[in-house]
Amino acid sequence: MKGFGIWKDMTLFLVQHGEARFETEDPERNLTDTGREEVGRVAKAAARLGIRPLRIIHSGKTRARQTAEIMAESLRPSRGGEPQQGLNPNDPVSPWKERLERSSEDFMIVGHLPFLDRLASLLLSGDEARGVIRFRYGAIVCLERTEGRWAVRWILTPEMVGD
């Protein structure tokens with residue numbers, strides 16, 4: 001990751017999908033205009049800051065896929081993006097913790113609550129029910145693993161970036 005200059009084992013970017021339509025009005029749950037706009041602003045700001053995940057993965061659900069596509073357009077991950085199994089809202093997080101412990105690849109997960117909240121809590125505190133991060137639609141939460149320990153590096157929300 002360019003521009004942040006500390007030694008680290010791995011950087012993980014967690015993104016809650018952008019604001020989506022309610023299922024009653026849109027069974028596919030496409031992003032709203034506001035959701036697209038907010039994700040776009042955050043993605044462009046992240047690109048200006050030199051954020052470059054190698055890969056962007058998502059759950060495959062429409063709202064997560066659309067968010068990942070907007071992020072990829074600005075961040076241009078060298079290894080592209082793709083849907084992955086096990087990232088749905090209520091999927092277990094412990095398999096992902098194990099996978100992340102074996103990885104050194106900086107990548108972004110675009111997903112859903114409560115999955116992202118439980119994963120971040122498990123990585124940071126060892127307790128998936130702790131609720132240590134307040135996620136927000138379209139925001140990027142950057143976690144770093146250094147010497148086997150996870151920490152929050154920064155959070156970038158739509159409110160923090162200009163037009």
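**Group meeting: a walk through one predicted chain**

Let me begin with a single residue, Arg76, which sits in the loop between helix H2 and strand E3 (81–83), where helices (H or I, at least four residues) and strands (E, at least two) are DSSP runs numbered from the N terminus. Its phi is near 45°, a positive value in a residue other than glycine, and Arg76 is exposed, with a relative accessible area of 64%; here exposed means over 50% relative accessible area, buried means under 20%, and partly exposed lies in between, with a 1.4 Å probe and protein chains only.

Before going on, I should say that this is a predicted model, in which local features need pLDDT of at least 70 and side-chain atom pairs count only at pLDDT 80 or more, while totals for chains, interfaces and linings use all residues. Residues are numbered from 1 along each chain as its sequence is written, and side-chain values use heavy atoms, with hydrogens and water left out.

Why mention the phi of a residue at all? Most residues other than glycine have a negative phi, and most peptide bonds are trans. Arg29, in the loop between strand E1 (10–16) and H1, also has a positive phi, near 60°. The peptide bond from Leu113 to Pro114 is cis, with omega near 5°, and Pro114 lies in the loop between strand E4 (107–111) and helix H4 (115–125).

Now to the whole chain, which has four helices and six strands, arranged along the sequence as β-α-β-α-β-α-β-α-β-β. The radius of gyration is 15 Å, close to the 15 Å that the globule rule gives for 163 residues, so the chain is as compact as a globular protein of that length; this radius is taken over C-alpha atoms, and the rule is 2.2 Å times the number of residues to the power 0.38. Buried residues make up 51% of the 163 residues.

Finally, let us look at helix H1 (residues 33–48), whose 16 residues reach 23 Å from the first C-alpha to the last, close to the 22 Å expected at 1.5 Å a residue, the expected span being 1.5 Å times one less than the number of residues. Which residues of H1 are buried? Among them are Gly35, Val39, Val42 and Ala46, and what covers the buried residues of H1 includes helix H2 (62–75), strand E5 (140–146) and strand E6 (149–156). H1 is followed by Gly50, whose phi is positive, near 85°.

Terms used. Contact means heavy atoms within 4.5 Å.
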